[in-house]
Amino acid sequence: MGDPKILKVSWIFFMIYLVKSSPPEDPIKCSSKTNYFNCTITNSYGAFPDRAICKAAQAVFPTTEEELISVVANATREKRKMKVATRFSHSIPKLVCPDGEDGLLISTKFLNKILRVDQDNMSITVESGVTLRQLISEAAKAGLALPYAPYWWGLTIGGLFGTGAHGSTLWGLGSSVHDYIMQLRIVTPAEAAHNYAKVRILENGNPELNAVRVSLGVLGVISQVGYQSGLDDEWESLVGTSGSDLMSDLKTRHGIES
C-alpha cells in the first residue's frame with residue numbers, strides 16, 4: 001500500500017491537470033452561416049429559466065457605429081422588432097428574446113475596439129462590445145484601474161451598463177458600474193426625417209443619461225462608452241487600510257455623523 005498522503009496529493013494534481021476552462025459557446029446559432037437567417041439564441045448557461053427557445057428571423061453583427069446605424073435604420077423602416085445580444089449573452093432572464101419569431105438580433109460581438117485611453121483625465125472610451133477583461137487589461141497598460149467591477153471577465157461594457165451589473169463597496173460613488181459613465185453614445189430608432197436612426201450623445205449630468213443606465217436594451221443599442229477610471233496606486237493605497245479608517249473616510253465622504 002502506498003502512502004495515503006502521497007496518493008492524495010497525486011490525485012489532486014491529476015484532477016488539476018484534467019481541468020480545462022473555455023469561454024461559453026456563441027449564444028446565437030443560425031441555420032445559414034452566410035446571411036444568418038433562422039436563428040436561435042440562449043444565454044451563457046445554455047438555457048433560460050423556463051427552458052424556452054428564443055427564435056429570431058435574422059441576426060446581424062455590425063463592426064462599426066456606422067454599420068450599427070444602418071442596421072437600426074433599416075429595421076425601423078421595416079417596423080421590425082429588435083433586441084440587442086452581447087458576446088456571451090450572460091443574463092439569466094430572457095432580455096434578449098425578440099417577440100415572436102420574426103425579430104432581429106443585433107449582436108455587439110464585433111463592436112469590440114478600445115477607442116481612446118486618456119491617462120491625464122483617467123478615462124477610457126470603448127465600444128460597447130468590449131469585454132471586461134479587455135477593459136481591465138488596457139487600463140492596466142496605462143497605469144489605470146477600474147474602481148469596481150463584477151467578477152466575470154466575459155461581460156461586455158454595454159451589457160454591464162444596460163443591466164446594472166455591480167461590484168461590492170460603499171467607497172466613492174458606490175459599486176454600480178454605470179455610475180462611473182462619463183459619456184455614452186446610443187443608437188436609437190428615429191423618424192423618417194432623421195433617416196430612421198439617430199445617435200444620441202449623453203454626457204454625465206444629462207438627465208437622459210439616467211434613463212439609459214440600466215435600460216435593459218429597450219431604448220436602443222449602446223455603441224460607445226466613456227468610462228471614469230482611477231490610478232493603480234490610488235487603489236493600492238487602500239490595501240491594508242484598517243476597517244476603522246475606511247469607515248471614517250466613508251462617513252466623511254457621505255456626510256455621516258459618528
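Leaving aside neighbours within four places in sequence, Leu184 is in contact with Arg200, Ile201, Leu202, Leu209, Val212, Ile222, Gln224 and Val225. The model behind this list is a predicted one. Leu184 is a good place to enter it. In the largest nonpolar core, Leu184 is among the residues with the most contacts, together with Leu135, Ile157, Leu160, Phe161 and Tyr227. That core has 26 residues. Several elements give two or more residues to it: S7, H3, H4, S9, helix H5 (207-212) and S11. In soluble globular proteins, nonpolar side chains tend to be buried together. Another core lies apart from this one. It has 13 residues, including Cys30, Ile41, Ala56 and Val96.

Now step back to the whole chain. The protein has 258 residues, and 38% of them count as buried. It holds seven helices and 12 strands. Take the contacts between residues at least 6 apart in sequence: 58% of them join residues at least 24 apart.

Next come the strands. Start with S9, which covers residues 181-189. S9 pairs with S11 in the antiparallel sense, over six bridges. Within this pairing, Gln183 stands opposite Gly226 of S11. Strand S11 itself spans residues 221-228. It also runs antiparallel to S7, and five bridges join the two. Two positions mark this second pairing. Ile124 faces Tyr227 in S11, and Val126 has Val225 as its bridge partner there. Val225 has already appeared, as one of the contacts of Leu184. Is S11 enclosed or open? Seven of its eight residues are buried, so S11 is largely enclosed by the rest of the structure.

S7 is the next strand to follow. It runs over residues 123-127, and five of its five residues are buried, so S7 too is largely enclosed by the rest of the structure. Both of its faces are covered. Ser123, Thr125 and Glu127 are buried on one side. Ile124 and Val126 are buried on the other.

S7 has a further partner in S6, residues 114-118. These two strands are antiparallel and share four bridges. They form a hairpin with four residues between the strands. In that hairpin, Met122 takes a positive phi near 50°.

Arg116 is a useful marker on the S6 side, since its place is in that strand. Its bridge partner in S7 is Thr125. Not counting residues up to four places away in sequence, Arg116 touches Ser123, Ile124 and Thr125. Arg116 and Val126 are 10 residues apart along the chain, and their C-alpha atoms are separated by 6.8 Å. How does Arg116 count, with a relative accessibility of 48%? The cut-off for exposed is over 50%, and buried means under 20%. Arg116 therefore counts as partly exposed.

Now turn to the empty space. Rolling a probe the size of a water molecule over the atoms shows where such space is left. How many cavities of 30 Å³ or more does the structure hold? There is one. The largest cavity has a volume of about 40 Å³. Its lining is made of Leu132, Leu135, Leu146, Tyr148, Ala149, Pro150, Ile157, Leu160, Phe161, Val177 and Tyr227. By class, these are 11 nonpolar residues, with no polar and no charged ones. Helix H3 (132-141) and helix H4 (157-163) each supply at least two of the lining residues. H4 gives the largest share, three residues. Several names return from the core: Leu135, Ile157, Leu160, Phe161 and Tyr227 are listed among its most connected residues, and they also line this cavity.

The largest pocket has a volume of about 680 Å³. It is lined by 36 residues, and Thr86, Ser91, Gly159, Leu160 and Thr163 are the closest to its centre. Which elements each supply at least two residues of this lining? They are strand S4 (82-85), H4 and S11. H4 again gives the largest share, here five residues. What classes make up the lining of the largest pocket? It has 17 nonpolar, 17 polar and two charged residues.

Leu160 links these last views. It is one of the residues with the most contacts inside the largest core. It lines the largest cavity. It is also among the residues closest to the centre of the largest pocket.

Definitions and conventions. Residues numbered from 1 in each chain as written. Predicted model: local features only at pLDDT ≥ 70, side-chain atom pairs only at ≥ 80, totals over all residues. Heavy atoms only, no water. Buried < 20%, exposed > 50% of the residue type's maximum accessible area, 1.4 Å probe, protein only. Pairing = 2+ DSSP bridges. 1 Å grid on protein atoms, 1.4 Å probe; cavity = no way out; pocket = protein on both sides within 12 Å on 5 of 7 lines; lining within 4 Å. Points joined across faces, edges and corners; volume = space filled by probe spheres on them. Nonpolar A, V, L, I, M, F, W, Y, C, P; charged D, E, K, R; others polar. Core = buried A, V, L, I, M, F, W, Y, C linked by side-chain atoms within 4.5 Å. Contact = heavy atoms within 4.5 Å.
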